[in-house]
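Here are my notes for someone opening this model for the first time. Please keep the structure in view while you read.

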Amino acid sequence: MILSRMMVQRSVILGTVILSLIFAVMPITLTLAAWRPEWPLLAIIYWIIALPHRVNIGYAFLVGLAVDILLGSTLGFHAAAYAVVVYPAARHYPRIRNFSLSQQAILVLLLVLLARAIVFVLEHYLNNAPFMPHYFWPALSSALFWPWVFLIFRKIRRHFQMK
Amino acid sequence: MSTPLFVRSVSLKVRLTLALSLAFLLIFLDHRLDAMQPVRLFLNSLVSPVQYLAVVPEQALDNFISQVQSRRALVNENELLKQEMLDLQGRMQRYEFLMLENERLRTLLASDSRDDRLRMVAEVIAVDSDPFSHQVVVNKGTRHGVYIGQPVIDANGVIGQVVSVGVTTARIILISDQSHAIPTRSAESEIRVIVQGVGSTEFLELMHVPHSTELQEGDLLLSSGLGGVFPEGYPVARIHSLVRDESLPFARVRATPVANLDRIRMLLLLWDAESDQQPIRPEQEETE
């Protein structure tokens, strides 16, 4: 019984993460794409705060790796960024749970900004990427979408009684 | 079942250190040693379901739109397509005549005749949202004979080349990617110049153009065939600005890509008719 519940939990988490990856590569017009929130990171941040014993830095690393493959960037860029960024979330999850939604959104803004900064620095030094301000816009849209992501994910988590 | 109070078996710092060292090892292997190419085939195939799923909504929308399109709109479109077809057929006759003539002239000059190229239509199934890598994924892979370094064009001009392949997908780097450069030749003045992507689909930059250049705004740049990747004579870009700032070592020349890089849907994969790499058209798909 316990085993099967664990299986359900695992597949629900995996399902939401795969959905976030699909959203991350879904073709949309370029003007919108510049504002596309960092869906996979949002999903990972939620699960790390909600179920820190299920989803951890290793999970974030693997999702980052999947993003690397999907986006065709050098393997390890997003993996490193995601692993670093979720560290504070995993460390202080009890405190973050008690944040209000707007406080959480600000935190998400900072985390996505940090993740993008790490990827940019790596791209800049290894692949000579020029600075593009619009690369950092998704931090803003991610923060704006966070409350909805949080509420929807909480609904999913409560529906499956995941603790 | 109550949640245990101390859930962590391994400390977070150890996990982070492990993850980071693994990530840097990967970056080193992939970037410095380029050792991940064979693994990428496998990885690309692994994530291809995600890419196929990602286009489902768009395809459904397209289907829906074509379902609800009125009869009149369809008739109009049909009419338009027929006219276009007639126009193209007219040009095709001329092209055939010119091709024969060209071949005759080439035999007179005792130089090699040029072979036709084999083409295959591919559909874009994913576009990268990352501005640092301008790449698209198409629904053709090793099963269709796609190979790394294959040139890709669309109806207007050069799009890019294949950088990695999966079994049913291939990843194409666009000419606008910051790591891509293509040798070209001006159609007007025959000057050879390298066109470099800068990470924007709006414009490309021309490398190492001296201030005394004969290039002019509006010049059309064709692929020169010198790199051995792109066949000769396909339109790449048109020069739209030429700034001769004497304080810089070279003139700053920008060109707009001829192909619509920001809205690619269908594109053409090219095969050299004489090379070992040949397109594979799965028979069973057609008979099914």
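## Notes on chains A and B

1. Start with burial. Of the 163 residues in chain A, 45% are buried. Keep in mind that this is a predicted model.

2. Next, the make-up of chain A. It holds eight helices and zero strands. Read along the sequence, the pattern is α-α-α-α-α-α-α-α.

3. Now the overall dimensions. The C-alpha trace of chain A spans about 55 × 30 × 30 Å along its principal axes. Chain A has a radius of gyration of 16 Å; this agrees with a compact globule, because 163 residues would then give a value near 15 Å.

4. Contacts within chain A come next. Take those between residues at least 6 apart in sequence: 68% of them join residues at least 24 apart.

5. One helix of chain A deserves a look. Helix 3 of chain A covers residues 39–50, twelve residues in total. From its first C-alpha to its last it reaches 17 Å. That is close to the 16 Å expected at 1.5 Å a residue.

6. Is helix 3 of chain A mostly covered or mostly uncovered? Mostly covered: eleven of its twelve residues are buried. The buried residues include W39(A), P40(A), L41(A) and L42(A) at the start of the list. A43(A), I44(A), I45(A) and Y46(A) are also buried, as are W47(A), I48(A) and I49(A).

7. Turn to where the chains meet. Here 41 residues of chain B are in contact with 43 residues of chain A. On the chain B side, helix 1 (12–32), helix 2 (37–54) and strand 1 (117–127) each supply at least two residues. Helix 1 of chain B gives the largest share, twelve residues.

8. What is the side of chain B that touches chain A made of, in nonpolar, polar and charged residues? The residues divide into 23 nonpolar, eleven polar and seven charged.

9. Chain B also has a barrel. Six strands of chain B close into it, in the order 6-7-8-11-10-9, and the pairing is antiparallel. Neighbouring strands of this sheet are turned by 40° against each other on average, direction ignored.

10. Finally, one pairing in chain B. Strand 6 (residues 181–186) and strand 9 (residues 220–223) of chain B pair in the antiparallel sense. Three bridges join these strands. Which residue of strand 9 of chain B stands opposite T184(B)? The residue is S223(B).

How values were computed
Residues numbered from 1 in each chain as written. Chains lettered and ligands numbered in written order. Predicted model: local features only at pLDDT ≥ 70, side-chain atom pairs only at ≥ 80, totals over all residues. Pairing = 2+ DSSP bridges. Helix = DSSP H or I, 4+ residues; strand = E, 2+ residues; numbered from the N terminus. Axes fitted to C-alpha atoms, helices over the stretch in contact; angles between N-to-C directions. Expected span 1.5 Å × (residues − 1). Buried ≥ 20, exposed ≤ 12 C-beta atoms within 10 Å, placed from the backbone. Contact = placed C-beta atoms within 7 Å. Nonpolar A, V, L, I, M, F, W, Y, C, P; charged D, E, K, R; others polar. Rg over C-alpha atoms; globule rule 2.2 N^0.38 Å.
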